[in-house]
Amino acid sequence: MHLQDRGIRIILDTHFPLSTLGQDISVFISAYPEARIEIQRESFGRNWEDWNTNNNDLVVVIGHIPEGIQANTLILGWVHFVLCVSPNHHFTHNGGIITQRDRLKDIEIVMAENVQGQTGRNQGMAPLQNRILVSDLESQVSLIKQGIGHGFLPETMVSGELDKGELIALPVDLPRSDEVIRLIWHPASKGEYFTWWYQRFAQKAESLALLMRQQRSPDISGPPVE
C-alpha cells in the first residue's frame with residue numbers, strides 16, 4: 001500500500017519555516033484522525049534522480065527545479081535573504097554598506113549545496129572567497145551567531161534572532177537574489193489527503209507571499225484533472 005493511500009507525505013525545503021503549517025497540521029489531524037502524516041526536511045541541492053519514480057505527495061522547494069523533472073507547480077511566494085553577522089563581528093563597525101572587498105577579507109558560512117550550484121543558491125557569493133561549508137541551516141546560523149564569519153540567511157527563518165539582537169542584518173553591495181517558493185507534486189499524485197493539502201496550500205499562497213515579505217501575486221493553478 002502506498003503512503004498516499006493511508007496518509008500524506010510533505011517534504012519541506014530547509015529554508016521554509018515549518019511554523020507556517022502548524023495550524024494546518026492540527027486541522028488535518030482533527031479531520032482525519034486515522035491518517036498518517038509524514039513531514040520531512042530536505043535540502044534540494046541533493047540529486048533528484050528518484051523524483052520521477054517516487055511519487056512523494058507534496059514538496060515545497062525553494063529555488064531552481066532541474067530540467068526534465070515531471071512536476072506540476074504552484075508558486076507560494078518568495079524568500080528574501082539578508083547578510084547576517086553576530087553583534088560582535090567587525091562588519092558592524094564599518095558604518096556603511098558591506099562591499100565585496102570586505103567580504104573577501106572575511107569567512108563566509110555557507111551551506112555546501114550552494115557551492116555546488118545545483119539549486120541556484122550561490123547568488124551573492126564572492127569568487128575565491130574563504131568559506132566554511134555546513135550541511136544544514138541550523139549549523140550555518142549557529143556559527144554566524146558565534147562570530148565566525150558572515151552569511152546570507154533567509155530573513156523569515158532568523159527573524160527571532162534578528163529581533164533579539166543575536167544576529168545583525170547589514171546592507172551589502174552584492175545582495176543575494178530572492179528565491180521563489182514552489183509547491184510541486186508529481187502528476188501521478190492523487191487522493192483525498194493530497195487534495196485536502198493542495199487546497200490548503202492554494203488558499204494560503206497569498207498569505208505566504210506576504211509572510212515572506214514580498215508584495216507579489218502568486219501564480220495559482222489547479223491540481224491535475226484525474
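This passage walks through a predicted model of one protein, from its overall make-up to its cores, one histidine and a patch on its surface.

To start with the broad picture, the protein has 226 residues, and 47% of them count as buried. Its secondary structure comes to 7 helices and 10 strands. Taking the contacts between residues at least 6 apart in sequence, 77% turn out to join residues at least 24 apart. As for the outside, the accessible surface adds up to about 10,900 Å², and carbon and sulfur atoms account for 49% of that.

Next comes the inside. The largest nonpolar core is made of 34 residues, and L183, W197 and F201 are the ones with the most contacts inside it. Quite a few elements chip in: the strands β1 (7-13), β3 (58-62), β4 (72-79), β5 (81-85) and β10 (179-185), along with the helices α2 (22-31) and α7 (192-211), each supply at least two residues of this core. The top contributor is α7, which gives 8 residues. A second core, set apart from this one, has 11 residues, with I109, V134, L153 and L167 among them.

W197 deserves a look of its own. With its neighbours within four places in sequence left out, W197 is in contact with I8, I10, I25, F28, I37 and L58, and also with D24.

Then there is H89, found in the loop between β5 and α3 (100-104). Despite sitting in a loop, H89 counts as buried, because its relative accessible area is just 3%, under the 20% cut-off. The side chain of H89 reaches the backbone nitrogen of F91 at 2.9 Å. Looking past the neighbours within four places in sequence, H89 is also in contact with D106, G147, G149 and another histidine, H150.

Back on the outside, I107, I132 and I148 together make a nonpolar surface patch of about 190 Å². One of these, I132, belongs to strand β7, which covers residues 131-134. I132 is partly exposed, with a relative accessible area of 31%. A patch residue needs over 30%, so I132 makes the cut on that count.

Key
Residues numbered from 1 in each chain as written. Predicted model: local features only at pLDDT ≥ 70, side-chain atom pairs only at ≥ 80, totals over all residues. Heavy atoms only, no water. Patch = residues over 30% accessible without salt bridge, like charges linked within 9 Å, V, L, I, M, F, W, Y side chains within 5 Å. Areas by Shrake-Rupley, 256 points an atom, 1.4 Å probe, with all protein chains shown as cover. Salt bridge = Lys/Arg side-chain N within 4 Å of Asp/Glu carboxyl O. Helix = DSSP H or I, 4+ residues; strand = E, 2+ residues; numbered from the N terminus. Buried < 20%, exposed > 50% of the residue type's maximum accessible area, 1.4 Å probe, protein only. Core = buried A, V, L, I, M, F, W, Y, C linked by side-chain atoms within 4.5 Å. Contact = heavy atoms within 4.5 Å. Polar contact = N/O pair within 3.5 Å; in protein donor to acceptor, adjacent residues only side chain to side chain.
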